[in-house]
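Please open the structure in your viewer and keep the sequence panel visible. This tour proposes a series of selections and describes what may be found at each stop.

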Amino acid sequence: MRKFFCAAFVPFIYNFYYAQAAKKVLPCYDLTSVLKVEPTALYKPHLDASKSFNVKLLKDSKTVQKYIGSGKFHKIKKNGKGYKVQKLDYSRPYLVSKAKSTLEKMGARFSKETKGHTFTVSSITRTLEDQCRLRRVNSNASLGISSHNYGNSFDISYIRFNDVLKYNPKMEIALEKVLKYYAAAGRIYYIKERQQSCYHITVRNY
């Protein structure tokens, strides 16, 4: 009886293990389909700017760790002068050096303009896996390649200031003033995303 039980149980464990392993290995996105999606004319400059940093498309955590290990990606603090980073469920607090310093300078400028107020960073670097998970809960998430997938883009909420979720037109005007300054200086591109209530910012390789 014991021999029969072992003979029946071992194949079950074997099949279960490899079924679980397959689930972990297979990505939740189809790269061919992702690459086929054409960016809009408004979004294309963001992708072109992203590719200029010599960062390969971030597919998964291993790719991100590779750039962290090589010193290409730098960690973003949760709190900085003029900004706070909210809890990140679908992105990672890392950026290329130029994007990190630009975010910090924007925060400092915003703080100076508003006499100490802070804006909120709602999303930073995402892998294709992160993007796929996000799409499961947010159908508006990009189906194609995002500039977030290269480590030089971040989102800033225009309905959350000083860590308070509340529409504040005065703070929003101040934030847009800062964005316009950096865009005019050739340092960033930005898009106001209505559905996500945020500004999508991509740092250029200036």
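A charge is said to sit over a ring if NZ of Lys or CZ of Arg is within 6 Å of the ring centre and within 35 degrees of the ring normal. Please keep in mind throughout that this is a predicted model.

**Stop 1: charges over rings**

Select R187 and Y206. The charged end of R187 is placed over the ring of Y206, at 5.3 Å from the centre of that ring. Next, select K192 together with Y158. Here K192 lies over the face of Y158, and the ring centre is 4.7 Å away.

**Stop 2: aromatic pairs**

How many aromatic pairs does the structure hold? There are seven. One of them is formed by Y83 and F119; this pair is stacked, with 6.4 Å from centre to centre and 25° between the planes. Colour the chain by secondary structure and follow it from one partner to the other: Y83 belongs to strand β3 (residues 83–85) and F119 to strand β5 (residues 119–123), so that the pair links distant parts of the chain, 36 residues apart. Are these two residues buried or exposed? Y83 is buried, with a relative accessible area of 3%, and F119 is buried as well, at 0%.

Now select Y190 and Y199. Their rings form an edge-to-face pair, 6.0 Å centre to centre, with 70° between the planes. Y190 is partly exposed, with a relative accessible area of 22%, whereas Y199 is buried, with a value of 0%.

Return to Y83 and F119, and add F110 and F161 to the selection. These four residues form one aromatic cluster.

**Stop 3: the nonpolar cores**

Select F73, L103, F110, F119, V121, F154 and L175. These are the residues with the most contacts inside the largest nonpolar core, which has 33 residues. Among the elements that give two or more residues to this core are α5 (97–114), β6 (153–161) and β9 (198–203). Which element gives the most? It is α7, with six residues.

Centre the view on F119 and display its surroundings. Among the residues that F119 touches are L103, M106, F110, I156, F161 and L175.

A second, separate core has seven residues, including L47, L57, Y150 and I191.

**Stop 4: the residue before β5**

Select T118, which lies in the loop between α5 and β5. T118 is buried, with a relative accessible area of 11%. Its contacts include Y83, F110 and F161, the three residues that form one aromatic cluster with F119. T118 also touches G82, K84, N162 and D163.

**Stop 5: helix α4**

Display α4 (61–69), one of the elements that give two or more residues to the largest core. Within this helix, T63, V64 and Y67 are buried. They lie on the same side of α4, because they cover an arc of only 100° around the axis. The buried residues of α4 pack against β1 (73–75). Rotate the view to the face turned away from the buried side, where the exposed residues K62, K66 and G69 are found.

Finally, inspect the two ends of the helix. At its start, a side-chain oxygen of D60 comes to within 3.3 Å of the backbone nitrogen of K62. Just after α4, G71 adopts a positive phi of about 85°.

Technical notes: Residues numbered from 1 in each chain as written. Predicted model: local features only at pLDDT ≥ 70, side-chain atom pairs only at ≥ 80, totals over all residues. Heavy atoms only, no water. Phe/Tyr/Trp six-rings, centres within 6.5 Å; stacked < 30°, edge-to-face > 60°. Helix = DSSP H or I, 4+ residues; strand = E, 2+ residues; numbered from the N terminus. Buried < 20%, exposed > 50% of the residue type's maximum accessible area, 1.4 Å probe, protein only. Core = buried A, V, L, I, M, F, W, Y, C linked by side-chain atoms within 4.5 Å. Contact = heavy atoms within 4.5 Å. Arc of directions from axis to C-beta. Polar contact = N/O pair within 3.5 Å; in protein donor to acceptor, adjacent residues only side chain to side chain. Lists of a residue's contacts leave out its neighbours within four places in sequence.
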